Amino acid sequence: LIKKGTYIEVEEIVLNKGERASHLPDDTKATPLKVWIRGLCQNDCNIGDTAEILTVTGRLQKGIVTIEKPRYDHDYGEYVEELQNIGKQAREILGVI
Amino acid sequence: MGKYEELMARKNEIMKKSIGIDYSIYEKGKLSFDYEKMMKDTGYSLNDVIKIQNDVGVGNTPLLELRNITKLARKVSKTGKAARIFIKDESANPSGSFKDRRASLSAYDAKIKGYKGIASATSGNYGAAVASQAAMRGLHCIIVQEAYDSRKVGQPEILEKGRKCEAYGAEVLRLTVGPELFYAYLKLLEDTGYYNASLYSAYGVCGVESLGYEIAVSCREKFGKNPDAVVVTHAGGGNVTGTGRGLIKAGADDTLLIGASVNLAGLHMASDIDFNKKSFTTGHTGFGIPFMTNPDRSDVPRSAARPLRYLDRYVTVTQGEVFYTTELLAQIEGMERGPAGNTSLAAAFVISQEMDDEQIIVVQETEYTGAGKHILPQLTFAKKNGIDLSLGDPREEIPGKNIIIPNHPSKMYIENLDLNKYRKSYIKNAAEKISGNEILDCDVDFLAEETRDSKDKVIKTLQELNLVIGR
């Protein structure tokens, strides 16, 4: 159970498949336009429930609960071998090392 | 009429309320409008802009000489010569990019006009800039991002920008792919009554004028002359337009203004599948070309970003070249800066080799780097999305299929795009919006200004389109 007042993310459908703009590529047209918004839940809830949140700007927004306390998980990626020689080669051309 | 069409039909009315500009007063002829009057009606002179920006720590960024990159250009140049390359370190602005210049004026204007909040539709640095300026001015802020594909997978760079907006206290709406983001945005403006900090309003563009102005003034102070060329990363056109106007206001009429975009030919910008096949979310041809040939496709009725009025030349570089240049900037200049902002540096490295040693070429921006917004996560993400990464000749790069990191600095190249083709295309797009086949003499003047071309050439193109010029 997610306690009232917890920071959560909710999902809402902005436009269903049939409601989307006419000039769209087929792959996009086959999907609904969705939005995810974060804020404090106004009642106890569970993932998958419809819940209301209060956003940081003071808006009340309803949606399906997707995440409790969403974290940032983007990072610095993996080691990329293709980049390892760029600096070394440039320094050799410049004759600095 | 569906709810989408219904709301879109009220677009102009919502815009008028959210930005305080009645665009209809500038319209004239059959397809023209008074651009300079619209720019002047912001009520902010260049001096006012500089003062407003000074007050919030925006601008006056250092102009740094890239001595090692210049030396490297000379080593690989066919003539042995290359212009001195300078970079305007715009990452020194409060939120880490030149976009603070654009946001600063909108936030100031919103506060003066009594709005309680400010909003913007952007997945880029501009969101962070608006959020940062809103924090300084005590305004609520909502940023609407095109963030994910339908699987809820997002580019690491966009995820980072969402984080940064929230770090400044903004609310972020993260949407899936599609141009109807504009629908969600209009709905939000209508519901909240917030100020629309559009990248394409006169405020969003005249904030960049200080950048072109500072470059010209710094060069004259340091070297006693204007820069020979300024290279600008081109996407929606505001960066090119504002910088071009600033250079002209500084009297640097002889400086060549060169636009540079990452070549993403073949990738559809509204495609759910293509969305995560590109490694650049802005500064690419997917925005650069459509916004150049049809500037009023933006989120305001008349865009203040009109790049064809200012561009002398337009070139493209590859994704692999920008990643290569980003690594080079870190490795031999000791400056770790975000990849997208280095698009113009990749182009300048090649263009400098067409020039003489005593000439000066200025790269007019850098941007911050960080988790997500960095070559390693971006290349990791590309690989995970099936993009083949290799070392070799960047000429063989096919957007959406592979990324080729140049295996030697001599492999760096640019492609020159024909501005005449885009001038014609602009005229064709403008003409498509009129009813009937007659336009007025004032429209011909307008098209000549818009395309920075002679009236004769404009008339020739109009004749090819079977349009007649009435009185």
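This passage describes salt bridges, a surface patch, a pocket and two unusual backbone angles in a predicted model.

Charged side chains are considered at the outset. Side chains of opposite charge can pair when their charged atoms come close. Over all chains of the predicted model, the count comes to 48 salt bridges. In one of them, Arg174(B) is paired with Glu166(B), and the closest N and O atoms are 3.0 Å apart. Both partners are enclosed by protein: Arg174(B) is buried, and Glu166(B) is buried as well, because each has under 20% relative accessible area. Another salt bridge joins the side chains of Asp228(B) and Lys225(B), with a distance of 3.3 Å from N to O. Here Lys225(B) is partly exposed, its relative accessible area being 28%.

A further pair consists of Lys455(B) and Asp441(B), whose closest N and O atoms are 3.9 Å apart. Lys455(B) belongs to helix H19 of chain B (residues 455-464), whereas Asp441(B) belongs to helix H18 of chain B (residues 441-451), so this salt bridge ties together parts that are 14 residues apart in sequence. Each partner is partly exposed: Lys455(B) has a relative accessible area of 33%, and Asp441(B) has a relative accessibility of 39%. Salt bridges also link several residues into a network, which comprises Glu27(B), Asp296(B), Arg302(B), Arg306(B), Arg309(B), Glu449(B) and Glu450(B).

Chain A carries a nonpolar patch on its surface. Tyr7(A), Leu40(A), Leu54(A) and Leu60(A) make up this patch, which covers about 320 Å². Of these residues, Tyr7(A) lies in strand E1 of chain A, a strand that spans residues 7-15. The relative accessibility of Tyr7(A) is 32%, and the residue therefore counts as partly exposed. Why can Tyr7(A) belong to a surface patch at 32% relative accessibility? Patches are made of residues with over 30% relative accessible area and no salt bridge, and the value of 32% for Tyr7(A) lies over this cut-off.

Attention now turns to the second largest pocket. The space within this pocket amounts to about 500 Å³. The pocket is lined by 23 residues, and those closest to its centre are Asp73(A), His74(A), Gly154(B), Pro156(B) and Leu159(B). Two elements of chain B, helix H8 (156-167) and helix H16 (375-384), give two or more residues to the lining. The largest share comes from H16(B), which supplies 4 residues. When the lining of the second largest pocket is sorted by class, 9 residues are nonpolar, 5 are polar and 9 are charged.

Finally, two lysine residues are notable for their backbone angles. Most residues other than glycine have a negative phi, and most peptide bonds are trans. Lys69(A), although not a glycine, has a positive phi of about 45°. This residue is found in the loop of chain A between strand E4 (60-68) and helix H2 (86-94). With a relative accessible area of 57%, Lys69(A) is exposed, because the cut-off for this class is over 50%. In chain B, Lys152(B) likewise is not a glycine and has a positive phi, of about 65°. Lys152(B) is located in the loop between strand E6 (140-148) and H8 of chain B. Its relative accessibility is 25%, so Lys152(B) counts as partly exposed.

Methods:
Residues numbered from 1 in each chain as written. Chains lettered and ligands numbered in written order. Predicted model: local features only at pLDDT ≥ 70, side-chain atom pairs only at ≥ 80, totals over all residues. Heavy atoms only, no water. Salt bridge = Lys/Arg side-chain N within 4 Å of Asp/Glu carboxyl O. Buried < 20%, exposed > 50% of the residue type's maximum accessible area, 1.4 Å probe, protein only. Patch = residues over 30% accessible without salt bridge, like charges linked within 9 Å, V, L, I, M, F, W, Y side chains within 5 Å. Areas by Shrake-Rupley, 256 points an atom, 1.4 Å probe, with all protein chains shown as cover. 1 Å grid on protein atoms, 1.4 Å probe; cavity = no way out; pocket = protein on both sides within 12 Å on 5 of 7 lines; lining within 4 Å. Points joined across faces, edges and corners; volume = space filled by probe spheres on them. Nonpolar A, V, L, I, M, F, W, Y, C, P; charged D, E, K, R; others polar.
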